[in-house]
Amino acid sequence: MASLYRTSMRFRCLQCRTYATAAPTAPPMLLKLRQDLKTAMQQKDKPRLNVLRSLLADVTNAAKTSSPIQSDMQMLSLLRKRLAAAETAKKEFEGAGRKDLVEQEDAQAKVLADYMGGVETMGADSISEAVKAVVEEGKAAASGKAMVMGDVLKKLLGTGGSLEGKNVERSEVARVVKQMLGQQGA
């Protein structure tokens, strides 16, 4: 029979204990948004407060899906999406002659742009160097066969890849790979 021990009014089987594992940490941008929300509340900064509340609501909603926001790059993607929506709304309000709502969307767009600048991504030079190394390695291993863009991207961004886990724009990496493979074929 398994032995039991008492932990604050309930009993637990010693053989069934589970050990706590480290919880995944929130991305630095998300922590900054939460801290800035408190500051915006204290300063009664309405535009910033509205933007932060909506962003945090989007993050909370995403946490309930199969792809929660776990990195600054995902936060950057969310910020871009919100900025594009604000620009679209601004154009519609201009067309309707609603100056008050245009000003409101402008203020929100400025706040979003401030936060977008806070996410640092890898530079084009660093991406080019990483892509060049993988392409050179692939050319040596391929022995005359044409390299496939998908294979290069897997080696770069996949598990164990040189760019895995780094703040890098996937579209930028794809563009550089396409450019490098285009030069290779020429």
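Let me start with helix 1 and helix 2, whose axes, meaning lines fitted to C-alpha atoms over the stretch in contact, come within 9 Å and cross at roughly 145°, with angles running from 0 to 180 degrees between N-to-C directions. The helices here are DSSP runs (H or I, at least four residues), numbered from the N terminus. Contact, which is to say heavy atoms within 4.5 Å, involves Leu30, Leu33, Arg34, Asp36, Leu37, Ala40 and Met41 on helix 1, and Arg48, Leu49, Leu52, Arg53, Leu55, Leu56 and Val59 on helix 2.

I should say that this is a predicted model, in which local features need pLDDT of at least 70 and side-chain atom pairs count only at pLDDT 80 or more, while totals for chains, interfaces and linings use all residues. Residues are numbered from 1 along each chain as its sequence is written, and side-chain values use heavy atoms, with hydrogens and water left out.

Turning to the largest nonpolar core (buried Ala, Val, Leu, Ile, Met, Phe, Trp, Tyr and Cys residues joined through side-chain atoms within 4.5 Å, buried being under 20% relative accessible area with a 1.4 Å probe, protein chains only), Leu33, Leu55 and Tyr115 touch the most other members among its 24 residues. Helices 1, 2, 3 and 4 each give two or more residues to this core, and helix 2 gives the most, with seven.

Finally, helix 3 has buried residues including Met75, Leu79 and Leu83, and its buried residues pack against helix 1, helix 2 and helix 4. Helix 3 is followed by Gly97, whose phi is positive, near 75°.

Notes
Buried < 20%, exposed > 50% of the residue type's maximum accessible area, 1.4 Å probe, protein only.
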